[in-house]
Amino acid sequence: MAASSKFAGVDFSQIDVEKLTPDLDVPGQGFRCLRGEFVTYWRQGRVQREVNALISQCWIIRVGDALAGYITLLADKLEVDEQILIQEGVQYQTFPAIKIGLLAADQRAKGVGRCLVEWALEYVATEIAPIVGVRFITVDALKVNVTQTN
């Protein structure tokens, strides 16, 4: 079996996103992410510990027992230098936000990262924002070194 066939032909938009709970056993064996530390965070239990401590929540996509990707969401704030909602009568420079903390995708699971981000945007807009009053999503993007060939 070819190494790339683990997720071959999978339409991740058709797979349910699952919330990580203490009962959900997904060991992450064979999970391959370009950022090795995101594999380590999963395998060594860092993601689960943060969920258990209620400092973030995590959702996953898996195919059978194989972890295809995960995303974490947590509370954040957006600070701006210029007032951005002045037309709405809001004169704050700090706003509540939801942060995409970690986004990890198996490099063989083409499209799973996009599905997780699209799911998170919809989830925040439809489930979180109406309850807690948040309209911004933040992310701390990590720089990736890419070798360019011509």
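Here are two short exercises on Tyr70 and the nonpolar cores, worked on a predicted model.

Numbering starts at 1 along each chain as its sequence is written, and side-chain values use heavy atoms, with hydrogens and water left out. In this predicted model, local features need pLDDT of at least 70 and side-chain atom pairs count only at pLDDT 80 or more, while totals for chains, interfaces and linings use all residues.

**Exercise 1.** Work out where Tyr70 sits, whether Tyr70 is buried or exposed, and what Tyr70 is in contact with.

*Solution.*
- Start with the strand: Tyr70 lies in strand 3, residues 66-79 (strands are DSSP E runs of at least two residues, helices are H or I runs of at least four, numbered from the N terminus).
- Next, accessibility: Tyr70 is buried because its relative accessibility is 0% (buried is under 20% relative accessible area, exposed over 50%, partly exposed in between, with a 1.4 Å probe and protein chains only).
- Now the contacts (heavy atoms within 4.5 Å): setting aside neighbours within four places in sequence, Tyr70's partners include Phe31, Phe38, Trp42, Ile60 and Leu116.
- Finally, the Tyr70 side chain comes to 2.7 Å from the backbone oxygen of Phe38.

**Exercise 2.** Find which elements build the largest nonpolar core.

*Solution.*
- A nonpolar core is a set of buried Ala, Val, Leu, Ile, Met, Phe, Trp, Tyr and Cys residues joined through side-chain atoms within 4.5 Å.
- The largest one has 18 residues, and Phe12, Ile61, Ala68 and Leu73 have the most contacts inside it.
- Strand 2 (57-63), strand 3, strand 4 (94-105) and helix 3 (112-132) each supply at least two of its residues.
- Helix 3 gives the most, with six residues.
- A second, separate core has 16 residues, among them Leu24, Trp42, Val51 and Ile60.

How values were computed:
Polar contact = N/O pair within 3.5 Å; in protein donor to acceptor, adjacent residues only side chain to side chain.
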